[in-house]
Structure formats: structure tokens, C-alpha cells
Amino acid sequence: MKTKRLTFLAMATAAAMVLSYVESLIPPLMAVPGMKMGLPNIMIVFVLYSLNWRDALAVSLVRVVLASLLFGTVLSLAYSLAGAIISLAGMILLKRTEKFSPVAVSVTGGVLHNAAQIGVACLVMETNLIAYYLPFLVLSGTVAGILIGFAAAFMVGRVKFELR
């Protein structure tokens, strides 16, 4: 891996970690447990559009593991990994069609992230009752996805770099 690319990925991961930390300081705004903005996904969508899906996956996985170690628990790692992997898979598929904007891709990621976390919660708690949170999380994932998508699209349009 070239030095510029590695440096860029390290900086993107560091920025995602800072956003994770900032997000951990924000008190919950809603009565639904676990509802967050997903600020670190600004960097994931940015890397997905600026480089490629492999780099976005690397930044996402490193960020999830480090954030869980620093700000979370082993259980939060399970929720975060499930959400990150499923949401990134959906975002990659949509982006590959080249028919969707970063905003649409981000909304998809936000909704899939929440759906995956509900799935893990149903398994952990051994009940499907937790699925009643899903409509609220789909709404919050959509709103957050729009905001995250606009921020990432702004960065993609403004931040230019040469990795050669």
C-alpha cells in the first residue's frame, strides 16, 4: 500500500474516531435506546465515494473495533459490527449501480444499520418485542442518513487529493 493512501486512510479513521467520541458525548435525544446520529458514517461514505469499498470497509471495521474498546462494551461491539457490516454492504450495492447519490446511499446505510441492530437485539434479548422500535429507528435512520449524506457529499465535492 502506498504511503499516501495509508496516510489518508489513517486520517479518515482518526476523523471517524473523533466523530465517534463527539457522538458519545451527545445525550440521547429520543426515548428509543441506542438512537444516534451516526456521525462517523460521514467518513465512511466519504471514503466509499473517494476511494473504494475495500478502503471504506477497512476504515469502518477499524473504527467500530476501536470505538467499542474505548467508548463501549463487548455487547456494543456486537451491535456495532452487525450494523456496520450490513449497512456498508447495502451502501456498496447501491453505489455500484451508479444511480444513487451519496445522500440516498447514506439513508440506506442508516436504515440498514438500525435494522441489523434490532436483529442483534432480538437475538440477545431472545424476544421479538424489541422489533417494535424498528419504525422509530427507520425514521431516525432516514433523517440521520440524509444529514450524513449531505455532509459526505459536500466533502466529496470539496476535498480533492491525488493518491499517486
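Where is the place of E98? E98 sits in the loop between α4 and α5, and we will come back to this residue further down. Please keep in mind throughout that this is a predicted model.

**The overall picture**

Let us start with the whole chain. The chain holds six helices and zero strands, so its pattern along the sequence reads α-α-α-α-α-α. The C-alpha trace spans about 50 × 35 × 25 Å along its principal axes. A compact globule of 164 residues would have a radius of gyration near 15 Å, and the chain agrees with that, because its own value is 15 Å. Buried residues account for 38% of the 164 residues. If you look at contacts with a separation of 6 or more, 71% of them join residues that are 24 or more positions apart.

**Helix α2, wrapped by the others**

A good place to look next is α2, which runs over residues 41–50. Seven of its ten residues are buried, so α2 is largely enclosed by the rest of the structure. The buried ones are I42, M43, I44, V45, F46, V47 and L48. What covers them? The cover over the buried residues of α2 includes α1 (3–25), α3, α4 (74–97), α5 (102–125) and α6 (134–158).

**How α2 meets α3**

Now follow the chain into α3, residues 53–71. The axes of α2 and α3 come within 7 Å and cross at roughly 160°. An angle over 145 degrees counts as roughly antiparallel, which means that α2 is roughly antiparallel to α3. The crossing in which α2 passes α3 is right-handed.

Which residues of the two helices meet? On the α2 side they are I44, V47 and L48, and on the α3 side W53, D55, A56, V59 and S60. By character, the residues of this contact divide into six nonpolar, one polar and one charged. Notice that I44, V47 and L48 also appear among the buried residues of α2.

Another residue to find in α3 is L57. L57 counts as partly exposed because its relative accessibility is 29%. Between L57 and I44 there are 7.9 Å in space, C-alpha to C-alpha, and the two are 13 residues apart in sequence.

**A buried glutamine in α5**

Is Q117 buried or exposed? Q117, which belongs to helix α5, has a relative accessibility of 19% and therefore counts as buried; the cut-off for buried is under 20%. Leaving aside residues up to four places away in sequence, Q117 touches Y79, S80 and G83.

**Two loop residues with positive phi**

Finally, back to E98, together with E126. Phi of E98 is near 60°, a positive value in a residue other than glycine. Phi of E126 is near 55°, again a positive value in a residue other than glycine. E126 is found in the loop between α5 and α6. E98 is exposed, with a relative accessible area of 74%, and E126 counts as exposed at 73% relative accessibility. Here they are side by side:

| Residue | Loop | Phi | Relative accessibility |
|---|---|---|---|
| E98 | between α4 and α5 | near 60° | 74%, exposed |
| E126 | between α5 and α6 | near 55° | 73%, exposed |

Technical notes: Residues are numbered from 1 along each chain as its sequence is written. This is a predicted model: local features need pLDDT of at least 70, side-chain atom pairs count only at pLDDT 80 or more; totals for chains, interfaces and linings use all residues. Side-chain values use heavy atoms; hydrogens and water are left out. Axes are lines fitted to C-alpha atoms, for helices over the stretch in contact, and angles run from 0 to 180 degrees between N-to-C directions. Helices (H or I, at least four residues) and strands (E, at least two) are DSSP runs, numbered from the N terminus. Angles under 35 degrees count as roughly parallel, over 145 as roughly antiparallel, 65 to 115 as roughly perpendicular and the rest as oblique. A crossing is left-handed if the near helix is turned anticlockwise from the far one by less than a right angle, and right-handed if clockwise. Contact means heavy atoms within 4.5 Å. Ala, Val, Leu, Ile, Met, Phe, Trp, Tyr, Cys and Pro count as nonpolar, Asp, Glu, Lys and Arg as charged, and the others, Gly among them, as polar. The radius of gyration is taken over C-alpha atoms; the globule rule is 2.2 Å times the number of residues to the power 0.38. Buried means under 20% relative accessible area, exposed over 50%, partly exposed in between (1.4 Å probe, protein chains only).
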